[in-house]
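Visitor: I am new to this structure and should be grateful for a close look at a single part of it. Please choose one strand, describe its surroundings with care, and then place it within the whole.

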Amino acid sequence: MTVTPKITVREGRLVAHGRTVLTGVPDNIVLTHASGAGLVDGAFVGATAAEAKSLHVFTFGTLRDLRFMCCFRFKLWWMTQRMGTSGRDVPLETQFMLLESRPGTAAAGDDDDSGETVYLVMLPLLEGQFRAALQGNENDELEITLESGDKAVQTTQGTYMVYVHAGTNPFDTITQAVKVVERHMQTFHHREKKKLPSFVDWFGWCTWDAFYTDVTADGVKQGLQSLAEGGTPPRFLIIDDGWQQIGSENKEESNAVVQEGAQFASRLTGIKENAKFQKQPEQKDNGSKNGEEQAPGLKLLVEEAKREHGVKYVYVWHAMAGYWGGVKPAAAGMEHYESSLAYPVQSPGVMGNQPDIVMDSLSVLGLGLVHPRKVLRFYDELHSYLASCGVDGVKVDVQNIIETLGAGHGGRVSLTRAYHQALEASVARNFPDNGCISCMCHNTDMLYSARQTAVVRASDDFYPRDPASHTIHISSVAYNTLFLGEFMQPDWDMFHSLHPAAEYHGAARAIGGCPIYVSDKPGNHNFELLKKLVLPDGSVLRAQLPGRPTRDSLFADPARDGISLLKIWNVNKCTGVVGVFNCQGAGWCRVTKKTRVHDAAPGTLTGSVRADDVDAIAQVAGAGWGGDVVVYAHRSRELVRLPRGATLPVTLKVLEFELFHVCPVREVAPGVAFAPVGLLDMFNSGGAVEQCEARAADGGEAGKAAAAAVLRVRGCGRFGAYCSRRPARCTLDAAEVEFSYDADTGLVVLDIPVPEKELYRWTLEIEV
């Protein structure tokens, strides 16, 4: 049997499915076809150079008149999105690219083999000690950079620098591409193979925006108590930066240029908690101190959080290097980590984007780098101490600093991989629930080296006082998730429940498939909002997948184009959900090299929603589904039945949103249509419905209903469902309950009480 690859280079053109993607492809570019699923649909891109160097820039070909979306690092730590149509639109440090070739756009000489839209994924990879990225130039040429980060590590060629994969469903094509690369590289695992830590299904509180580094044990207790008193008890806690023993390296003679960020050069001086968290020894009546060994203050705090406040999971923060400035060389008791001063060197691509105050500081004052052969011992001793205090996991921040320290250690890929392997080994040993959140980590050095880490912060921070940050935060997470969501479950970050943009942030997180946690100051809460996210037992209704842009949002620019709304889709067990957000007016600016407001008064926009915006709606509906849905809009509280292919309009001002719950309609009896909606007052209503089946009612006497919809439901509050005729009766755990019925819309509403048991599943029967 002859296998014909669908991606080829011929006559200087990169061709996918018979359509030209790049022209002017140089002779030194070579394709190697993958095995398995990649044999037909994918190929690796290689190139050769005349001399050995530690940094190469290869021309890949000319890109013009094809819509694309890419994720690039706008600063060392984080990615955001960029849309364009030509090579000059591709930013430095592009790590993921999705291109679209629509029917009727074939170039002369193309052998267009289908009437479907073709999507092409480009994934710059790691190869040996080298890391690739994409960028464009003013001649519309797409370039591949290949660098080691160590001038002593050189090569003349790359064979597997970029993987390209084509298909007709964009989401499936991305997933297939990453899985082909997973088999090829053997250095990381896809998200589906990883254990998701349990904290993600519970409401949480993080100390960062509440206290920043001034966090204390008493402050932690106040925060937990304050949220619980309002009826939304946090079940996981993140003790962020501010608990560790550190020493400042801000010497008076230091370069004045870095004074503003000099705190980032502080270094770790011990692995235990600092004095703010240590319980002082009790004094005896005679004034002398009790000589008995005191339990560590962190251990006492964790025990109290779990015992008195019902917290199930406690995570603590630390930097990948220990602290922002690493581990203090020769610090008492830490000499065995062999920390030594290293001075970060950023790659040219990163230097060409946004400057960073952390790097300005560390490049002058240096970082105390634990020797890679000692880093497993460092992590293990730190984590085993934390575990002995009852801590369940760690938020590991400032990860990408490691890529800048590769000189003398075999380069950036080698050093990053050594650190990540040690981190994951220690997490596996000390935190059996795979307790790790990766943060400030958006480089491929990490992603393609992570075998077990399952949660990744998906964008730059929530900045409560920066008006430019809120709309771009939502859109960046959504687009970054197209890439990051193949490796880990995205974490949309903490937010403030009492904030002008709180509902906007809360609604996005409700459909993001992410953990949901706030960073409120004690006493500063919006409980009305929080109760749309959190059930009384502290659990949340988390959507099933990473939330991603809908197909018609992939190549629009909802942050900058002035006309597009952002639509994000996800699924629950029995329904789908589409969140629509007006994100216009702010974004990262390639001229000023920062996030800024570019339109202070974006207009009101109108768009539309349809059932197949939920890309997996047919799988959720199951066999035999005819295509009809009912759509429940959260804010307008309207229920509408939509036939297959029909659309529903939506109009939003900037920083406004609407959540549409898309519920497949099934026949439960001849002529009777039914669809569960869920808890109507929760942002993710459909997350409450865990099972829905139709069955004939018991018995056949006259007067008995002919059939029933039997549901398994979690939570409490107003529950809604669609039924094309008034139900005969409703029972909850076999007890009959009252309900209302709107004959115009078919909406059935009943009240579910607060269950006595945690995570309780009710049996709800709606007899028709």
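**Strand β46 and its surroundings**

Guide: In strand β46, Trp762 is the bridge partner of Val713. The model in view is a predicted one, and this pair of residues serves as the point of entry.

Val713 lies on the strand that is joined to β46 by seven bridges, namely β40, which covers residues 707–714. The two strands, β40 and β46, run antiparallel. A second strand is also joined to β46: β42, formed by residues 729–732, is linked to β46 through four bridges, and here too the direction is antiparallel. Within this second pairing, Cys730 has Ile766 of β46 as its bridge partner. In general, the strands of a sheet pair through backbone hydrogen bonds, in either a parallel or an antiparallel manner.

The strand β46 itself consists of seven residues, 761–767. Five of these seven are buried, that is, under 20% relative accessible area, and β46 is therefore largely enclosed by the rest of the structure.

For another view of strand pairing, one may turn to an open sheet of six strands, arranged in the order β27-β28-β29-β36-β33-β34 with antiparallel pairing. At its edges stand β27 (548–549) and β34 (639–642); each has a single partner strand, so one side of each is left without a neighbour in the sheet. Inside the order given, β33 (residues 629–633) and β36 (residues 657–664) pair in the antiparallel sense over five bridges. Val631 stands opposite Val662 of β36.

These strands belong to a chain that holds 14 helices and 46 strands. Of its 768 residues, 61% count as buried. Among contacts between residues at least 6 apart in sequence, 74% join residues at least 24 apart.

As to overall dimensions, the C-alpha trace spans about 95 × 90 × 55 Å along its principal axes. A compact globule of 768 residues would have a radius of gyration near 27 Å, and the chain agrees with this because its own value is 27 Å.

The outer surface completes the account. The accessible surface of the chain comes to about 28,100 Å², and carbon and sulfur atoms hold 48% of that area. The chain carries 75 positive and 91 negative charges, and the mean positions of these two groups are 1 Å apart.

Technical notes:
Residues numbered from 1 in each chain as written. Predicted model: local features only at pLDDT ≥ 70, side-chain atom pairs only at ≥ 80, totals over all residues. Heavy atoms only, no water. Rg over C-alpha atoms; globule rule 2.2 N^0.38 Å. Buried < 20%, exposed > 50% of the residue type's maximum accessible area, 1.4 Å probe, protein only. Contact = heavy atoms within 4.5 Å. Areas by Shrake-Rupley, 256 points an atom, 1.4 Å probe, with all protein chains shown as cover. Lys, Arg positive; Asp, Glu negative; His and termini not counted. Charge placed at Lys NZ, Arg CZ, Asp CG, Glu CD. Pairing = 2+ DSSP bridges.
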